[in-house]
Amino acid sequence: MTKMNRRDFLKAAGSAVGATAIAGTALTGCAQSVKGNIPPRAGQSVMGLVTKKLDIVRVGFIGVGQRGYGHVKRMSQIEGTQIVAICDTHQEVLDRSINFLSEQGQQRPATYTGAELAYQDLLARDDIDIVIISTPWKWHAPMAIDTMNSGKHAFVEVPLALSVEEMWDVVNTAERTQRHCMMMENVNYGRDELMVLNMVRQGLFGELLHGEAAYIHELRWQMKEVEHKTGSWRTDWHSKRNGNLYPTHGLGPVSQYMNINRGDRFDYLTSMSSPALGRAAYAQREFSPEHIRNQAKYISGDMNTTLIKTVKGRSIMVQHDTTTPRPYSRHNLIQGTNGVFAGFPNRIALEHGSEISFHEWDYEMSSWYAKYDHPLWLRMGEEAKRNGGHGGMDFLMFWRMIYCLRNGEPLDQDVYDGAAWSVISPLSALSVSNRSASIDIPDFTRGAWQQGKPLGIVGV
């Protein structure tokens, strides 16, 4: 086995070109270790971080395109918030958010635009408490770090960062500044995911054994977004990294069921990808031969399957496919010694506690909702659905963030969660490029996971 020092490993795992940067590393048959290469803590742990209560949460936005505009709309409906400033390099989407706020009768926020680093002028203000970052992936870590260094709390769209080194930089900055840095994994606030968390906490499935998570969502149409919108930059990642490009939507809820970073943690992974055929075929069908989409070489396998082993011996399957024609799914499966829940469609099978034999699926969910709906959803679900965002999960996520900040409570997700869930992407690429070799997953908590308290079933 070829040994790699920490610098070489981080460079390999984080490289934008993924497979080509690490193809020469021989890891077959053994785990590539990063244990012992954990950097020293930059400050105090931020697990369970509580900060000063905020009567009014003053908000700045960086990025108000497709995702960020929705965030502006939902944040504007939450009591105890004030939108102070907005930054975007695209004047059209900046004007759209300003016009919406004006129509709502709200005060016009300050605006920043033009240069790529215009957001730093927003961060220089002293009248902002939190910053919502909804920009292309490459900006997430730099902007989150700059936000915390400016004394503000950072709330970042998924993924948190793109490389192992970036993950550590974000974690270290959060610890040094003692600022919140939450990756906004909205799926954790879906009705079904909250209900399953409640079921797990009540022991319905027994001791947990296995989970399945996925982001299976056909997005080839985004290739037609060339100048602006998500596809203008997201499509390029299919030419840069062969691995799981987007692991967190399915993995976040399963991690919370299993108390990852709060009593258990990811230990190592192995990953493999199918051939990369669908994007090239779509480009040939939909674009002229000389079009930019037909000049790209798509290397990311249409389906990536990554297996994660936890320290306590549990297994998690994580899949990614945004290319093939198939129905949407996040899997959302959790298996325990007494039975299983699986999503898409929702179904349950239990050995004890169900009127139906565990040899058959129970697809009728009404009785399960009646008994196990999460208290947060029972209280806020209707308002969440009225305000929208993926069935209400976006609004509920923002509502919960603001509630915690105003009441001096720890956030439901911390920087360690964001790093652990996001790092699966670069590490999966490292494994794929080395014949599915096992790759150790860094402990971003530096051992604090052993004392971490499981996420509770919070009310209102």
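A nonpolar core, as the term is used here, is a set of buried Ala, Val, Leu, Ile, Met, Phe, Trp, Tyr and Cys residues joined through side-chain atoms within 4.5 Å. In this predicted model, the largest such core has 80 residues, and a second, separate one has 39. As for empty space, the largest pocket has a volume of about 1,400 Å³, and a search of the whole structure turns up seven cavities of 30 Å³ or more. The disulfide count is zero.

**Cores**

- In the 80-residue core, the members that touch the most other members are Cys181, Phe205, Leu251, Phe266, Ile308, Ile334 and Val415.
- Helix H7 (residues 164–177) gives this core its largest share, six residues.
- Take Ile308 as a worked example: leaving out residues up to four places away in sequence, Ile308 touches Leu251, Phe266, Tyr268, Leu269, Arg314, Ser315, Ile316, Val318, Ile424 and Ile441.
- The separate core of 39 residues includes Val93, Trp377, Met397 and Leu411.

**Pockets**

- The largest pocket, at about 1,400 Å³, is lined by 49 residues, and Gln66, Pro136, Lys229, Thr230 and Trp233 sit nearest its centre.
- Four helices each put at least two residues into that lining: H3 (66–75), H4 (91–103), H6 (140–149) and H9 (231–234).
- Sorted by class, the lining of the largest pocket comes out as 20 nonpolar, 16 polar and 13 charged residues.
- The second largest pocket holds about 370 Å³ of space; 21 residues line it, with Gly48, Arg262, Pro410, Leu411 and Lys453 closest to its centre.
- For that second pocket, the lining splits into 10 nonpolar, four polar and seven charged residues.
- Leu411 turns up twice, then: as a member of the 39-residue core and as a lining residue of the second largest pocket.

**Cavities**

- About 80 Å³ of space lies in the largest cavity, and its lining is made up of Asn188, Tyr189, Leu194, Leu197, Gln256, His374, Leu376, Asp412, Leu455, Gly456 and Val458.
- By class, those lining residues are six nonpolar, four polar and one charged.
- The second largest cavity has a volume of about 70 Å³, with Trp137, Leu219, Gln222, Arg234, Thr235, His238, Leu245, Arg279, His320 and Thr322 around it.
- Here the lining divides into three nonpolar, five polar and two charged residues.

**Cysteines**

- Cys181, one of the best-connected members of the largest core, is in no disulfide, and the nearest cysteine sulfur, in Cys404, is 15 Å away.
- Why does Cys404 stay unpaired? Its closest cysteine sulfur, that of Cys181, is 15 Å off, too far for a bond, given that a disulfide needs sulfur atoms within 2.5 Å.
- Both cysteines are buried: Cys181 has 4% relative accessibility, and Cys404 has 1%.

**Val158**

- Val158 belongs to the loop between strand S5 (153–156) and H7.
- Is Val158 buried or exposed? Val158 counts as buried because its relative accessible area is 3%, against a cut-off of under 20%.
- Leaving aside residues up to four places away in sequence, Val158 touches Trp137, His140, Met183, Met184, Glu185, Tyr246, Thr248 and His249.
- Among those contacts, Trp137 is also in the lining of the second largest cavity.
- Val158 and Pro253 are 95 residues apart in sequence, and their C-alpha atoms are 14 Å apart in space.

Notes: Residues numbered from 1 in each chain as written. Heavy atoms only, no water. Buried < 20%, exposed > 50% of the residue type's maximum accessible area, 1.4 Å probe, protein only. Contact = heavy atoms within 4.5 Å. 1 Å grid on protein atoms, 1.4 Å probe; cavity = no way out; pocket = protein on both sides within 12 Å on 5 of 7 lines; lining within 4 Å. Points joined across faces, edges and corners; volume = space filled by probe spheres on them. Nonpolar A, V, L, I, M, F, W, Y, C, P; charged D, E, K, R; others polar.
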